[in-house]
Amino acid sequence: RGLGDVYKRQSQGTPLTVIGEVISGVNDPYALELGDLNSSTTVYVKLESDQRAEYSPANNPAMIGQTLEVDGVRDLYMSYPSLESVSSLTVISNCP
């Protein structure tokens with residue numbers, strides 16, 4: 001479930017569930033950068049239109065530092081490893 005799985009599974013289109021900390025917003029409200037809790041690995045999470053108001057750091061700065069569990073599909077967003085077609089986002093804790 002760690003972000004390393006996104007890198008290890010090279011085939012795009014692989015369904016994944018990952019857990020990480022929201023580091024920043026990407027491309028204004030359209031995506032966020034999620035960091036692994038135990039390494040420097042990061043991925044982009046492309047947010048669906050109905051997820052942006054609540055989960056985009058551009059729209060909701062309180063998301064920075066939150067730990068999320070994300071269900072999505074391995075892909076590339078802006079040529080960077082990503083999760084897209086996100087079906088579920090769950091805040092699992094606050095990071096101080």
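This briefing walks through the fold, the strands, the core and a few notable residues of the chain shown above. The model is predicted. Its secondary structure consists of 2 helices and 5 strands, arranged from the N terminus as α-β-β-β-α-β-β. Of the 96 residues in the chain, 43% are buried.

**The chain as a whole**

- Counting contacts with a separation of 6 or more, 54% are between residues 24 or more positions apart.
- The exposed area of the chain is about 4900 Å², and 46% of that area comes from carbon and sulfur atoms.

**Strand β2 and its partners**

- Let's begin with β2, where 5 of 5 residues are buried.
- The cover extends to both faces of β2: A31, E33 and G35 are buried on one side, and L32 and L34 are buried on the other.
- β1 and β2 run antiparallel and are joined by 5 bridges; V22 is the residue that stands opposite L34 of β2.
- These two strands, β1 and β2, make a hairpin with 4 residues between them.
- β2 also pairs with β3, again in the antiparallel sense and over 5 bridges.
- Along that pairing, A31 has K46 of β3 as its bridge partner, while G35 has T42 of β3.
- β2 and β3 form a hairpin as well, with 6 residues between the strands.
- β3 is largely enclosed by the rest of the structure, because 4 of its 5 residues are buried.

**The nonpolar core**

- The largest nonpolar core has 16 residues, and the members that touch the most others are L32, L34, V45, L68, V70 and L89.
- Five strands each supply at least two residues of this core: β1 (15–26), β2 (31–35), β3 (42–46), β4 (66–77) and β5.
- V45 gives a good view of how the core is put together: beyond its neighbours within four places in sequence, V45 is in contact with Y30, A31, L32, L34, V70, L83 and V86.

**Tyrosine rings**

- The whole structure holds 2 aromatic pairs.
- In one of them, Y44 and Y77 meet edge-to-face, with 6.5 Å centre to centre and 80° between the planes.
- This pair connects distant parts of the chain, since Y44 sits in strand β3 and Y77 in strand β4, 33 residues apart.
- Are Y44 and Y77 buried or exposed? Y44 counts as buried because its relative accessibility is 16%, and Y77 is buried too, with a relative accessible area of 9%.
- Ring pairs bring Y80 into the picture, linking Y44, Y77 and Y80 into a cluster.

**Two buried serines**

- S56 lies in the loop between α2 (52–55) and β4.
- Its relative accessibility is 0%, so S56 counts as buried.
- A polar atom of the S56 side chain lies 3.3 Å from the backbone oxygen of P29.
- Apart from its neighbours within four places in sequence, S56 is in contact with D28, P29, L47 and Q51.
- S82 belongs to strand β5 (residues 80–94).
- S82 likewise counts as buried, because its relative accessibility is 0%.
- The side chain of S82 makes a polar contact of 3.2 Å with the side chain of E84.

**Residues with a positive phi**

- Most residues other than glycine have a negative phi, and two residues here are worth a look in that light.
- Which value does phi take at N27? Phi of N27 is near 60°, a positive value in a residue that is not glycine.
- N27 is placed in the loop between β1 and β2, and it is in the turn of the hairpin formed by these strands.
- With a relative accessibility of 39%, N27 counts as partly exposed, because that value is between the 20% limit for buried and the 50% limit for exposed.
- S85 is not a glycine either, and it has a positive phi of about 50°.
- Where is S85 found? S85 is in strand β5.

Key: Residues are numbered from 1 along each chain as its sequence is written. This is a predicted model: local features need pLDDT of at least 70, side-chain atom pairs count only at pLDDT 80 or more; totals for chains, interfaces and linings use all residues. Side-chain values use heavy atoms; hydrogens and water are left out. Buried means under 20% relative accessible area, exposed over 50%, partly exposed in between (1.4 Å probe, protein chains only). Contact means heavy atoms within 4.5 Å. Accessible areas come from the Shrake-Rupley method with a 1.4 Å probe; for residues, only the protein chains shown count as cover. A polar contact is a pair of N or O atoms within 3.5 Å; within protein, one must be able to donate a hydrogen and the other to accept it, and residues adjacent in sequence count only if both atoms are side-chain atoms. A nonpolar core is a set of buried Ala, Val, Leu, Ile, Met, Phe, Trp, Tyr and Cys residues joined through side-chain atoms within 4.5 Å. Two strands pair if DSSP finds at least two bridges between them. Rings of Phe, Tyr and Trp (its six-membered ring) pair if their centres lie within 6.5 Å; planes under 30 degrees apart count as stacked, over 60 as edge-to-face and the rest as tilted.
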